[in-house]
Amino acid sequence: MNNSESILRKGVLDNCAFCLCIFAAVPVSAAPAENEVAPLNYFLHSYGPASTPTMHLGWVFASLLVAIFIIIALLLVGAILRKRRAEDPRAIGREDEGMSWIYIGTGVSTCILFVLAVYTLITLNKVAKPAHAPALTLTVTGYDWWWKVEYENNDPTRRFVTANEIHIPVGVPVLVKLKSADVIHAFWVPTLAGKTQMIPGLTNQQWIEADTEGVYRGQCTQYCGVQHAHMGLEVVAQNAAEFQKWQEAQRRTAATHSATDVNEGQKLFLDRCSGCHTIRGTEAVGTHAPDLTHLKSRRLIAAGLLTNTPDHLVQWITHAQDLKPGARMPSMVLTETEISALSAFLSTLN
Ligand code: HEC
Ligand SMILES: [Cu+2]
(Lines give C-alpha, C1' and ligand atoms only; values in the text may rest on other atoms or scores of the structure.)
(Ligands and ions follow the chains in the order given, each with its own letter.)
Protein backbone atom coordinates (compact mmCIF):
# COMPACT_ATOMS: atom_id res chain seq x y z
CA MET A 1 0.00 0.00 0.00
CA ASN A 2 1.55 3.32 -0.97
CA ASN A 3 1.40 6.41 1.20
CA SER A 4 -1.49 8.11 -0.52
CA GLU A 5 -3.62 4.99 -0.06
CA SER A 6 -2.90 4.82 3.64
CA ILE A 7 -3.85 8.46 4.07
CA LEU A 8 -7.08 7.94 2.21
CA ARG A 9 -8.00 5.01 4.39
CA LYS A 10 -7.48 7.11 7.47
CA GLY A 11 -9.89 9.67 6.02
CA VAL A 12 -12.54 7.00 5.52
CA LEU A 13 -12.04 5.73 9.07
CA ASP A 14 -12.40 9.26 10.39
CA ASN A 15 -15.77 9.49 8.73
CA CYS A 16 -16.97 6.21 10.19
CA ALA A 17 -15.78 7.36 13.59
CA PHE A 18 -17.76 10.55 13.10
CA CYS A 19 -20.96 8.63 12.34
CA LEU A 20 -20.52 6.44 15.41
CA CYS A 21 -19.84 9.49 17.53
CA ILE A 22 -23.15 11.03 16.50
CA PHE A 23 -24.85 8.16 18.29
CA ALA A 24 -22.43 7.99 21.19
CA ALA A 25 -22.77 11.67 22.19
CA VAL A 26 -20.71 11.20 25.33
CA PRO A 27 -20.80 14.31 27.50
CA VAL A 28 -17.40 15.95 27.87
CA SER A 29 -17.19 18.91 30.20
CA ALA A 30 -13.73 20.36 29.55
CA ALA A 31 -13.30 23.15 27.00
CA PRO A 32 -10.84 22.29 24.23
CA ALA A 33 -7.32 23.32 25.13
CA GLU A 34 -5.62 25.81 22.85
CA ASN A 35 -4.76 24.26 19.49
CA GLU A 36 -6.83 21.20 20.18
CA VAL A 37 -9.50 20.42 17.63
CA ALA A 38 -13.01 20.27 19.03
CA PRO A 39 -14.34 17.42 16.91
CA LEU A 40 -17.76 17.41 15.35
CA ASN A 41 -19.05 14.95 17.93
CA TYR A 42 -18.99 17.85 20.37
CA PHE A 43 -22.17 19.12 18.77
CA LEU A 44 -24.01 18.63 22.04
CA HIS A 45 -21.56 21.08 23.62
CA SER A 46 -21.23 24.79 23.21
CA TYR A 47 -18.27 27.14 23.35
CA GLY A 48 -20.04 30.37 22.46
CA PRO A 49 -23.23 32.37 22.99
CA ALA A 50 -24.56 31.73 19.48
CA SER A 51 -24.82 28.01 20.19
CA THR A 52 -25.56 27.78 23.95
CA PRO A 53 -29.34 28.39 23.72
CA THR A 54 -29.62 25.84 20.88
CA MET A 55 -27.60 23.31 22.84
CA HIS A 56 -29.95 23.70 25.85
CA LEU A 57 -32.92 23.26 23.55
CA GLY A 58 -31.33 20.12 22.14
CA TRP A 59 -30.73 18.63 25.57
CA VAL A 60 -34.29 19.45 26.75
CA PHE A 61 -35.77 17.84 23.62
CA ALA A 62 -33.51 14.80 23.91
CA SER A 63 -34.25 14.25 27.63
CA LEU A 64 -37.98 14.71 27.16
CA LEU A 65 -38.15 12.37 24.19
CA VAL A 66 -36.13 9.72 26.00
CA ALA A 67 -38.48 10.04 29.02
CA ILE A 68 -41.56 9.71 26.79
CA PHE A 69 -40.01 6.72 25.05
CA ILE A 70 -39.39 4.99 28.38
CA ILE A 71 -42.89 5.73 29.70
CA ILE A 72 -44.55 4.41 26.54
CA ALA A 73 -42.32 1.34 26.49
CA LEU A 74 -43.25 0.58 30.13
CA LEU A 75 -46.97 1.04 29.46
CA LEU A 76 -46.70 -1.26 26.47
CA VAL A 77 -44.89 -3.95 28.47
CA GLY A 78 -47.53 -3.57 31.22
CA ALA A 79 -50.34 -4.02 28.70
CA ILE A 80 -48.73 -7.11 27.18
CA LEU A 81 -48.16 -8.76 30.57
CA ARG A 82 -51.54 -7.89 32.00
CA LYS A 83 -53.66 -10.95 32.46
CA ARG A 84 -56.98 -10.90 30.74
CA ARG A 85 -59.83 -11.47 33.15
CA ALA A 86 -61.36 -14.41 31.35
CA GLU A 87 -64.39 -14.54 33.61
CA ASP A 88 -65.32 -10.95 32.75
CA PRO A 89 -67.58 -11.02 29.68
CA ARG A 90 -66.65 -7.43 28.91
CA ALA A 91 -62.89 -8.23 28.73
CA ILE A 92 -62.67 -7.45 25.01
CA GLY A 93 -64.22 -4.10 25.72
CA ARG A 94 -67.23 -2.11 24.74
CA GLU A 95 -66.74 0.20 21.83
CA ASP A 96 -66.36 3.35 23.90
CA GLU A 97 -64.33 1.78 26.68
CA GLY A 98 -60.93 3.41 27.24
CA MET A 99 -61.76 6.51 25.19
CA SER A 100 -60.96 8.68 28.18
CA TRP A 101 -57.34 7.51 27.95
CA ILE A 102 -57.17 8.74 24.37
CA TYR A 103 -58.47 12.16 25.44
CA ILE A 104 -55.95 12.36 28.29
CA GLY A 105 -53.04 11.25 26.04
CA THR A 106 -53.90 13.70 23.28
CA GLY A 107 -54.36 16.52 25.79
CA VAL A 108 -51.00 15.89 27.48
CA SER A 109 -49.15 15.63 24.12
CA THR A 110 -50.75 18.85 22.86
CA CYS A 111 -49.68 20.75 25.98
CA ILE A 112 -46.11 19.42 25.78
CA LEU A 113 -45.83 20.21 22.05
CA PHE A 114 -47.19 23.71 22.61
CA VAL A 115 -44.65 24.42 25.35
CA LEU A 116 -41.83 23.08 23.13
CA ALA A 117 -42.98 25.24 20.21
CA VAL A 118 -42.88 28.37 22.39
CA TYR A 119 -39.46 27.37 23.79
CA THR A 120 -38.16 26.82 20.23
CA LEU A 121 -39.34 30.26 19.11
CA ILE A 122 -37.73 31.91 22.15
CA THR A 123 -34.46 30.09 21.34
CA LEU A 124 -34.59 31.13 17.68
CA ASN A 125 -35.04 34.72 18.74
CA LYS A 126 -32.10 34.51 21.18
CA VAL A 127 -29.64 33.29 18.57
CA ALA A 128 -30.90 35.51 15.76
CA LYS A 129 -28.68 38.46 16.66
CA PRO A 130 -25.60 38.96 18.84
CA ALA A 131 -25.88 41.07 22.01
CA HIS A 132 -23.67 43.77 20.50
CA ALA A 133 -22.61 44.75 16.99
CA PRO A 134 -20.20 42.30 15.28
CA ALA A 135 -16.55 43.33 15.53
CA LEU A 136 -15.57 41.72 12.27
CA THR A 137 -17.22 40.70 9.00
CA LEU A 138 -16.16 37.76 6.86
CA THR A 139 -17.52 36.42 3.62
CA VAL A 140 -17.26 32.66 3.26
CA THR A 141 -17.97 31.20 -0.18
CA GLY A 142 -18.56 27.47 -0.66
CA TYR A 143 -16.91 25.81 -3.66
CA ASP A 144 -16.93 22.12 -4.60
CA TRP A 145 -15.22 21.11 -2.10
CA TRP A 146 -13.45 23.86 -0.20
CA TRP A 147 -14.13 27.25 1.41
CA LYS A 148 -12.95 30.68 0.30
CA VAL A 149 -12.68 33.11 3.23
CA GLU A 150 -12.58 36.89 2.67
CA TYR A 151 -11.87 39.33 5.51
CA GLU A 152 -13.75 42.53 4.85
CA ASN A 153 -12.49 45.99 5.72
CA ASN A 154 -13.69 49.51 4.96
CA ASP A 155 -10.20 50.15 3.67
CA PRO A 156 -9.90 47.95 0.54
CA THR A 157 -6.12 47.66 0.94
CA ARG A 158 -6.66 45.90 4.26
CA ARG A 159 -8.94 43.19 2.86
CA PHE A 160 -7.48 39.75 2.28
CA VAL A 161 -8.43 36.27 1.17
CA THR A 162 -7.58 32.87 2.60
CA ALA A 163 -9.10 29.38 2.52
CA ASN A 164 -10.47 26.63 4.75
CA GLU A 165 -9.20 28.18 8.00
CA ILE A 166 -11.02 31.03 9.72
CA HIS A 167 -9.34 32.96 12.52
CA ILE A 168 -11.46 34.98 14.94
CA PRO A 169 -10.71 36.92 18.12
CA VAL A 170 -12.27 35.40 21.27
CA GLY A 171 -15.17 37.01 23.09
CA VAL A 172 -16.53 39.12 20.23
CA PRO A 173 -19.29 38.37 17.74
CA VAL A 174 -18.18 37.84 14.14
CA LEU A 175 -20.60 38.26 11.26
CA VAL A 176 -20.25 35.58 8.58
CA LYS A 177 -21.80 36.25 5.19
CA LEU A 178 -22.38 33.04 3.30
CA LYS A 179 -22.33 32.56 -0.46
CA SER A 180 -21.91 29.74 -2.91
CA ALA A 181 -19.97 29.60 -6.17
CA ASP A 182 -21.70 26.50 -7.50
CA VAL A 183 -24.25 24.31 -5.68
CA ILE A 184 -25.97 24.54 -2.29
CA HIS A 185 -23.57 24.06 0.61
CA ALA A 186 -24.14 24.63 4.33
CA PHE A 187 -21.82 26.20 6.88
CA TRP A 188 -21.77 24.44 10.24
CA VAL A 189 -19.38 24.87 13.17
CA PRO A 190 -21.45 22.94 15.72
CA THR A 191 -19.75 24.12 18.90
CA LEU A 192 -20.09 27.79 17.88
CA ALA A 193 -23.42 28.15 16.03
CA GLY A 194 -26.18 26.42 14.12
CA LYS A 195 -26.19 25.55 10.41
CA THR A 196 -26.84 28.05 7.63
CA GLN A 197 -27.24 27.22 3.97
CA MET A 198 -25.07 28.76 1.26
CA ILE A 199 -27.25 29.22 -1.80
CA PRO A 200 -26.01 30.30 -5.25
CA GLY A 201 -27.07 33.88 -6.01
CA LEU A 202 -28.06 34.64 -2.42
CA THR A 203 -26.13 36.03 0.54
CA ASN A 204 -27.17 34.47 3.85
CA GLN A 205 -25.62 35.41 7.12
CA GLN A 206 -25.04 34.17 10.61
CA TRP A 207 -22.79 35.07 13.52
CA ILE A 208 -20.29 33.08 15.49
CA GLU A 209 -18.51 33.83 18.74
CA ALA A 210 -16.05 31.76 20.77
CA ASP A 211 -15.76 32.12 24.56
CA THR A 212 -12.41 30.36 24.78
CA GLU A 213 -9.32 30.09 22.64
CA GLY A 214 -9.14 26.90 20.64
CA VAL A 215 -9.70 25.23 17.30
CA TYR A 216 -13.26 24.38 16.36
CA ARG A 217 -14.01 22.02 13.54
CA GLY A 218 -16.66 22.82 10.94
CA GLN A 219 -18.19 20.84 8.11
CA CYS A 220 -20.39 21.32 5.06
CA THR A 221 -23.75 19.79 5.97
CA GLN A 222 -25.66 20.06 2.72
CA TYR A 223 -24.85 17.20 0.39
CA CYS A 224 -22.98 18.91 -2.45
CA GLY A 225 -21.39 16.13 -4.46
CA VAL A 226 -18.85 13.36 -4.33
CA GLN A 227 -16.38 15.04 -1.90
CA HIS A 228 -19.00 16.56 0.43
CA ALA A 229 -17.62 14.50 3.34
CA HIS A 230 -14.19 16.06 2.79
CA MET A 231 -15.38 19.65 2.86
CA GLY A 232 -14.23 20.56 6.34
CA LEU A 233 -12.95 23.78 7.84
CA GLU A 234 -11.44 25.02 11.08
CA VAL A 235 -12.19 28.07 13.16
CA VAL A 236 -9.18 29.16 15.20
CA ALA A 237 -10.16 31.45 18.09
CA GLN A 238 -7.27 33.54 19.38
CA ASN A 239 -6.73 36.33 21.89
CA ALA A 240 -6.88 39.84 20.44
CA ALA A 241 -3.09 40.30 20.17
CA GLU A 242 -2.48 36.98 18.40
CA PHE A 243 -5.41 37.57 16.09
CA GLN A 244 -4.03 41.01 15.11
CA LYS A 245 -0.65 39.45 14.44
CA TRP A 246 -2.21 36.77 12.27
CA GLN A 247 -4.25 39.35 10.36
CA GLU A 248 -1.21 41.56 9.68
CA ALA A 249 0.72 38.53 8.40
CA GLN A 250 -2.16 37.48 6.12
CA ARG A 251 -2.41 40.98 4.64
CA ARG A 252 1.17 40.87 3.38
CA THR A 253 1.85 39.66 -0.14
CA ALA A 254 4.19 36.72 -0.64
CA ALA A 255 7.83 37.50 0.16
CA THR A 256 10.28 37.22 -2.74
CA HIS A 257 13.39 35.09 -2.38
CA SER A 258 16.46 34.88 -4.58
CA ALA A 259 17.53 31.23 -4.13
CA THR A 260 17.68 29.43 -7.50
CA ASP A 261 15.45 26.47 -6.66
CA VAL A 262 12.84 28.84 -5.24
CA ASN A 263 12.90 30.81 -8.49
CA GLU A 264 12.65 27.64 -10.54
CA GLY A 265 9.71 26.58 -8.35
CA GLN A 266 7.99 29.93 -8.77
CA LYS A 267 8.35 29.72 -12.57
CA LEU A 268 6.90 26.23 -12.50
CA PHE A 269 4.04 27.44 -10.35
CA LEU A 270 3.24 30.27 -12.76
CA ASP A 271 3.29 27.78 -15.66
CA ARG A 272 1.33 24.94 -14.15
CA CYS A 273 -0.74 26.19 -11.21
CA SER A 274 -1.52 29.89 -11.68
CA GLY A 275 -4.54 29.26 -13.92
CA CYS A 276 -6.39 28.19 -10.81
CA HIS A 277 -4.46 29.48 -7.78
CA THR A 278 -3.55 32.99 -6.60
CA ILE A 279 -0.36 33.93 -4.80
CA ARG A 280 -0.62 37.62 -4.01
CA GLY A 281 2.55 39.49 -5.01
CA THR A 282 3.17 37.21 -8.02
CA GLU A 283 1.50 36.93 -11.42
CA ALA A 284 -0.57 33.98 -10.21
CA VAL A 285 -4.13 35.31 -10.01
CA GLY A 286 -6.35 32.25 -10.59
CA THR A 287 -9.68 32.46 -8.79
CA HIS A 288 -11.09 28.94 -8.80
CA ALA A 289 -8.90 27.39 -6.15
CA PRO A 290 -7.66 28.22 -2.64
CA ASP A 291 -5.46 31.34 -2.30
CA LEU A 292 -1.98 30.00 -1.50
CA THR A 293 -0.26 33.29 -0.49
CA HIS A 294 0.17 32.07 3.10
CA LEU A 295 -0.25 28.36 2.53
CA LYS A 296 2.32 27.46 5.21
CA SER A 297 0.34 29.26 7.91
CA ARG A 298 -2.55 26.80 7.65
CA ARG A 299 -2.85 23.70 9.84
CA LEU A 300 -4.60 21.52 7.27
CA ILE A 301 -4.83 21.27 3.46
CA ALA A 302 -7.53 20.18 1.01
CA ALA A 303 -10.41 21.32 3.25
CA GLY A 304 -9.38 19.41 6.35
CA LEU A 305 -8.26 16.20 4.60
CA LEU A 306 -4.54 16.24 5.44
CA THR A 307 -2.22 17.94 7.90
CA ASN A 308 -0.08 20.58 6.25
CA THR A 309 3.35 18.91 6.13
CA PRO A 310 5.87 19.12 3.24
CA ASP A 311 5.29 15.39 2.55
CA HIS A 312 1.53 15.73 2.42
CA LEU A 313 1.85 18.75 0.12
CA VAL A 314 3.87 16.73 -2.39
CA GLN A 315 1.45 13.81 -2.15
CA TRP A 316 -1.51 16.11 -2.58
CA ILE A 317 -0.05 17.90 -5.60
CA THR A 318 0.94 14.68 -7.37
CA HIS A 319 -2.00 12.47 -6.22
CA ALA A 320 -4.92 14.82 -5.60
CA GLN A 321 -7.26 12.50 -7.53
CA ASP A 322 -6.30 9.46 -5.42
CA LEU A 323 -6.62 11.32 -2.13
CA LYS A 324 -9.81 13.22 -2.96
CA PRO A 325 -11.30 11.61 -6.08
CA GLY A 326 -13.32 14.09 -8.09
CA ALA A 327 -11.69 17.18 -6.52
CA ARG A 328 -11.37 20.11 -8.93
CA MET A 329 -7.57 19.79 -8.98
CA PRO A 330 -5.87 17.31 -11.30
CA SER A 331 -3.07 15.05 -10.05
CA MET A 332 -0.08 16.97 -11.41
CA VAL A 333 2.57 15.03 -13.32
CA LEU A 334 5.97 16.36 -12.17
CA THR A 335 9.55 15.09 -12.30
CA GLU A 336 11.66 14.70 -9.13
CA THR A 337 13.57 17.93 -9.89
CA GLU A 338 10.33 19.80 -10.51
CA ILE A 339 8.89 18.49 -7.23
CA SER A 340 11.87 19.65 -5.20
CA ALA A 341 11.90 23.10 -6.85
CA LEU A 342 8.15 23.47 -6.29
CA SER A 343 8.48 22.32 -2.65
CA ALA A 344 11.25 24.85 -2.08
CA PHE A 345 9.01 27.59 -3.44
CA LEU A 346 5.90 26.49 -1.50
CA SER A 347 7.93 26.38 1.74
CA THR A 348 8.49 30.15 1.41
CA LEU A 349 4.74 30.88 1.55
CA ASN A 350 4.66 31.64 5.27
C1 HEC B 1 -7.48 23.07 -12.55
C2 HEC B 1 -7.22 23.94 -11.40
C3 HEC B 1 -6.02 23.65 -10.55
C4 HEC B 1 -4.68 23.50 -10.93
C5 HEC B 1 -4.10 23.55 -12.31
C6 HEC B 1 -3.95 23.34 -9.71
N7 HEC B 1 -4.80 23.35 -8.61
FE8 HEC B 1 -4.28 23.17 -6.69
N9 HEC B 1 -6.22 23.18 -6.12
C10 HEC B 1 -7.29 23.36 -6.99
C11 HEC B 1 -8.52 23.21 -6.25
C12 HEC B 1 -9.93 23.34 -6.81
C13 HEC B 1 -8.16 22.95 -4.92
C14 HEC B 1 -9.10 22.67 -3.77
C15 HEC B 1 -9.33 21.18 -3.75
C16 HEC B 1 -10.18 20.70 -2.61
O17 HEC B 1 -9.79 20.88 -1.45
O18 HEC B 1 -11.22 20.10 -2.91
C19 HEC B 1 -6.70 22.95 -4.89
C20 HEC B 1 -5.96 22.77 -3.72
C21 HEC B 1 -4.59 22.92 -3.66
C22 HEC B 1 -3.83 22.93 -2.44
C23 HEC B 1 -4.40 22.83 -1.03
C24 HEC B 1 -4.71 24.23 -0.53
C25 HEC B 1 -5.43 24.28 0.78
O26 HEC B 1 -5.19 25.21 1.55
O27 HEC B 1 -6.26 23.41 1.05
C28 HEC B 1 -2.53 23.09 -2.78
C29 HEC B 1 -1.34 23.19 -1.85
C30 HEC B 1 -2.48 23.16 -4.22
N31 HEC B 1 -3.74 23.06 -4.72
C32 HEC B 1 -1.31 23.33 -4.95
C33 HEC B 1 -1.27 23.31 -6.34
C34 HEC B 1 -0.03 23.34 -7.10
C35 HEC B 1 1.35 23.45 -6.51
C36 HEC B 1 -0.39 23.27 -8.40
C37 HEC B 1 0.52 23.25 -9.61
C38 HEC B 1 1.54 22.22 -9.63
C39 HEC B 1 -1.85 23.22 -8.46
N40 HEC B 1 -2.33 23.24 -7.20
C41 HEC B 1 -2.58 23.18 -9.62
C42 HEC B 1 -7.21 23.61 -8.34
C43 HEC B 1 -6.07 23.54 -9.10
CU1 LIG C 1 -21.36 19.64 1.13
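How many bridges join strand S2 to S3, and in which sense do the two strands run? I began with this pairing, keeping in mind that the model is predicted.

**Entry 1: strands S2, S3 and S4**

I found that strand S2, residues 136–143, is joined to S3 by 6 bridges, and that the two strands run antiparallel. I then looked up how the chain passes from S2 to S3, and noted a hairpin with 2 residues making the connection. For a position within this pairing I noted Thr-139, which stands opposite Glu-150 in S3.

I next followed S3 to strand S4, residues 160–163, where the pairing is again antiparallel and runs over 4 bridges; here Tyr-151 stands opposite Phe-160 in S4. I also checked how covered S3 itself is, and recorded that 5 of the 6 residues in this strand, which spans residues 146–151, are buried.

**Entry 2: the copper ion**

I turned to the copper ion (ligand 2) and listed its protein donors as Cys-220 through SG, Gln-222 through O, Cys-224 through SG and His-228 through ND1, at distances of 2.0 to 2.6 Å. Along the sequence I read the spacing of these donor residues as C-x1-Q-x1-C-x3-H.

I looked up the angles among the 4 donor atoms, which are 88 to 126 degrees, and the site is tetrahedral, because four donors count as such if all angles lie between 85 and 135 degrees.

**Entry 3: accessibility of two donor residues**

I asked whether Cys-220 is buried or exposed, and noted that Cys-220 is buried because its relative accessible area of 2% falls under the 20% cut-off. Gln-222, at 27% relative accessibility, I entered as partly exposed, because that class lies between 20% and 50%.

Definitions and conventions: Residues are numbered from 1 along each chain as its sequence is written. Chains are lettered from A and ligands numbered from 1 in the order in which they are written. This is a predicted model: local features need pLDDT of at least 70, side-chain atom pairs count only at pLDDT 80 or more; totals for chains, interfaces and linings use all residues. Side-chain values use heavy atoms; hydrogens and water are left out. Donors are N, O and S atoms within 2.8 Å of the metal (3.2 Å for Na, K and Ca); water is not among the atoms, so sites may look incomplete. Four donors count as tetrahedral if all angles lie between 85 and 135 degrees; four count as square planar and six as octahedral if opposite donors are over 155 degrees apart and all others between 65 and 115; anything else is irregular. Buried means under 20% relative accessible area, exposed over 50%, partly exposed in between (1.4 Å probe, protein chains only). Two strands pair if DSSP finds at least two bridges between them.
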